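Reader: I'm new to this structure and would love a close look at one part of it. Could you pick a strand and walk me through its surroundings?

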Amino acid sequence: MYGAMKVAIGGPLKLGFRPWVEGMENIPAEGAAILASNHLSFSDSFFLPAVLDRKVTFIAKAEYFTTPGVKGKLTAAFFKGVGQLPVDRSGSRGAGEAAIKSGIEVLERGELFGIYPEGTRSPDGRLYRGKPGGLARVALATGAPVIPVAMIDTEKIQPPGQVMPKLMRPGIRIGKPLDFSRYQGMESDRFVLRAVTDEVMYEIMKLSGQEYVDMYATAAKRQIADAAKAEKAEKEKAEKAEKAEKEAQKALEKERGGA
């Protein structure tokens, strides 16, 4: 199914958007490897596999695979077809443990495993701090090389709220593989996990040219949402005050007219 979906989706993507690629020679022809990418758009998981000759497996939330009805079945078939694996977030330690287990299984089969160290899409196009759990633990548990990847301009193709995508050329830069064998067996050391993650994020930053923000993207999204909520509340308060003032003015004018 992956091959059929790659032709059905990857072909039109390459033809319509003509993504440019640098560093394709850094993808091994065979054997396990981790593709660690920045995350700008929902389409990242489609553009990257579209330009690769080898299958790359990403993880996706389990809800995409368990929604009932015809639409749910079609969605599940689509995500399975493009190489996505469901991750059940209801476990005791959530998506992190499920992602690690899925990644290890993919790499043990000698395949490519794709992961977004930021954990979620960037809310504003900047590069955020990588989460130390998934990427580093999978790399140290398997010994697979980590290949940094930078998606370029994919967020401009279909910004949040925009239905029709904009036809433009996104880019993909693929860096040289990073070897973390010196940390083998130290996946329980949180300082090592942090060091591995930060090294990968630094390479992604160099490839992407993004501004780096030393905080998690999830926290940034909360800040943005809180700011938007506060702005909305302030606007509603101002509108309410303006309305009250107009009503008071009308009442005063009416009272003067009656006098």
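**A close look at strand β2**

Author: Let's start with the whole chain, which has eight helices and nine strands. Keep in mind that this is a predicted model. The chain has 259 residues, and 39% of them are buried. Its accessible surface comes to about 14,800 Å², with carbon and sulfur atoms holding 56% of that. If you take the contacts between residues at least 6 apart in sequence, 78% of them join residues at least 24 apart.

Now for the strand itself. β2 covers residues 33-37, and since five of its five residues are buried, the strand is largely enclosed by the rest of the structure. Here's a handy bit of background: side chains in a regular strand alternate between the two faces of the sheet. In β2, you can see A33, L35 and S37 pointing one way, while I34 and A36 point the other way. Whichever way they point, all of these residues are buried.

Next, look at what β2 pairs with. One partner is β5, which runs parallel to β2 and is joined to it by four bridges. To find your place in that pairing, look for A36, which stands opposite I115 in β5. Another partner is β7, made of residues 146-152; this pairing is parallel too, again with four bridges. Here the spot to look for is S37, which sits opposite V149 in β7.

From β5 (112-115) you can carry on into the loop that leads to β6 (127-128), and that's where you'll find T120. T120 counts as buried because its relative accessible area is 18%, and the cut-off for buried is under 20%. Setting aside neighbours within four places in sequence, T120 is in contact with H39, A217, T218 and K221. With K221 there is also a polar contact between the two side chains, at 2.7 Å.

One last stop is helix α6, which spans residues 134-142. Its buried residues are L135, A136, V138, A139 and L140. After α6 comes G143, with a positive phi near 75°. A little further along the chain you reach residue 146, where β7 begins, and that brings you back to the strand whose V149 stands opposite S37.

Notes
Residues are numbered from 1 along each chain as its sequence is written. This is a predicted model: local features need pLDDT of at least 70, side-chain atom pairs count only at pLDDT 80 or more; totals for chains, interfaces and linings use all residues. Side-chain values use heavy atoms; hydrogens and water are left out. Helices (H or I, at least four residues) and strands (E, at least two) are DSSP runs, numbered from the N terminus. Buried means under 20% relative accessible area, exposed over 50%, partly exposed in between (1.4 Å probe, protein chains only). Contact means heavy atoms within 4.5 Å. Accessible areas come from the Shrake-Rupley method with a 1.4 Å probe; for residues, only the protein chains shown count as cover. A polar contact is a pair of N or O atoms within 3.5 Å; within protein, one must be able to donate a hydrogen and the other to accept it, and residues adjacent in sequence count only if both atoms are side-chain atoms. Two strands pair if DSSP finds at least two bridges between them.
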